[in-house]
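Open the model in a viewer and keep a selection box at hand. The stops below go from the whole chain to single residues.

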Amino acid sequence: MTAQAQVQAGLYVATKAEAVYQELRSRILDGSIKPASTLNQEALAATLGLSITPLREALRRLESEGLVRLTAHRTMTIAPLTRRELHELYAVRLQLDPFAAALTADQAPDETLVEIEQLARRRVNRTPRALLQHNRTFHHAIYSSCGNLVLIGVLDQLWNRTDRYRLIVLQNRIQERAAEEEHREIAAALLGRDATRVADLVHRHVEKTQRLIEQLAEEL
């Protein structure tokens, strides 16, 4: 195989792996693949109509995000939802999300803050999946503008693992309008560059979500 052909083959696998990663991640987050369920990698590859190589690449990414667990026997287990993980994830997020938002209020460009404010007012499809994606987009726009790459990376990992818990609230259609109003308040405080108020609003927003999840997820 020529060097060019090797590069093209590698790009093909990478493209397939990205597509599989996105599809599996979406199915895990929306509950189509149930928490704690176990699947055979080869059977899954056959179901998806692809080879095992791109699937394994995708699974390694999902494993690094804490969404799946891989074994030497070519099986994958979807990480279960647990009350302990919920508490631990939100304990860290309650510290880091407000911190990142305050940094964004202090140093993000004006045009970035305007874009965040527009996101807060955007109307979206009111399905749980669409609301989950919009919520992630809004909060990512805030913390990814904080200017601290380490903090952004840590929060990306935390959000990857908390989206499944957040979906519990959205599936029960609890306080959707209230969350949207909280987003608008956060965006307004950012536009006003009030770092202290932004941090307080984000802390209360995240804490409220945790309480709702705990109330709804009695099985955790």
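Start with the whole chain shown as a surface: about 11400 Å² is exposed, and carbon and sulfur atoms supply 52% of that area. Accessible areas come from the Shrake-Rupley method with a 1.4 Å probe, and for residues only the protein chains shown count as cover. This is a predicted model, in which local features need pLDDT of at least 70 and side-chain atom pairs count only at pLDDT 80 or more, while totals for chains, interfaces and linings use all residues. Residues are numbered from 1 along each chain as its sequence is written, and side-chain values use heavy atoms, with hydrogens and water left out.

Colour by relative accessibility next. Of the 220 residues, 44% count as buried; buried means under 20% relative accessible area, exposed over 50%, and partly exposed in between, with a 1.4 Å probe and protein chains only. Along the principal axes, the C-alpha atoms fill a box of roughly 60 × 45 × 30 Å.

Now select the charged side chains. The chain has 29 positive and 28 negative charges, and their mean positions are 5 Å apart. Lys and Arg count as positive and Asp and Glu as negative, with His and the chain ends not counted. Each charge is placed at NZ of Lys, CZ of Arg, CG of Asp or CD of Glu.

Switch to cartoon. There are 9 helices and 3 strands, in the sequence pattern α-β-α-α-β-β-α-α-α-α-α-α. Helices (H or I, at least four residues) and strands (E, at least two) are DSSP runs, numbered from the N terminus. For contacts between residues at least 6 apart in sequence, 75% join residues at least 24 apart; a contact means heavy atoms within 4.5 Å.

**The sheet**

Select residues 38-40, 68-70 and 75-78. The first two ranges are the edge strands S1 and S2, each pairing on one side only, and the last is strand S3. The three strands form an open sheet in the order S1-S3-S2, with antiparallel pairing. Two strands pair if DSSP finds at least two bridges between them. From one strand to the next, the twist averages 25 degrees.

Helix H3 (residues 52-64) packs on this sheet and touches S2 and S3, its direction making about 120 degrees with that of S2. Axes are lines fitted to C-alpha atoms, for helices over the stretch in contact, and angles run from 0 to 180 degrees between N-to-C directions.

Zoom in on the pairings. S2 and S3 are joined over 3 bridges in the antiparallel sense, with Leu-70 having Met-76 of S3 as its bridge partner. S1 and S3 also pair in the antiparallel sense over 3 bridges, and Thr-38 stands opposite Thr-77 in S3. The hairpin of S2 and S3 has 4 residues between the strands, and Arg-74 there takes a positive phi near 65 degrees.

**Leu-44**

Select Leu-44, in helix H2 (residues 41-48). Is Leu-44 buried or exposed? Leu-44 counts as buried because its relative accessibility is 9%. Leaving out residues up to four places away in sequence, Leu-44 touches Leu-24, Leu-55 and Met-76. Draw a distance to Ser-26: C-alpha to C-alpha, Leu-44 and Ser-26 are 15 Å apart in space and 18 residues apart in sequence.

**Two loops**

Go to Ala-36, in the loop between helix H1 (3-29) and S1. Ala-36 has a positive phi of about 75 degrees although it is not a glycine. Most residues other than glycine have a negative phi. Ala-36 is partly exposed, with a relative accessible area of 44%.

Which loop holds Arg-193? Arg-193 lies between H8 and H9; these helices span 176-191 and 195-216. Arg-193, also not a glycine, has a positive phi of about 55 degrees, and at 30% relative accessibility it counts as partly exposed.

Finish on Asp-194, in the loop between H8 and H9. Asp-194 is partly exposed, with a relative accessible area of 34%. Apart from residues up to four places away in sequence, Asp-194 touches Ala-105 and Ala-189. For a last distance, pick Glu-57: Asp-194 and Glu-57 are 43 Å apart, C-alpha to C-alpha, and 137 residues apart in sequence.
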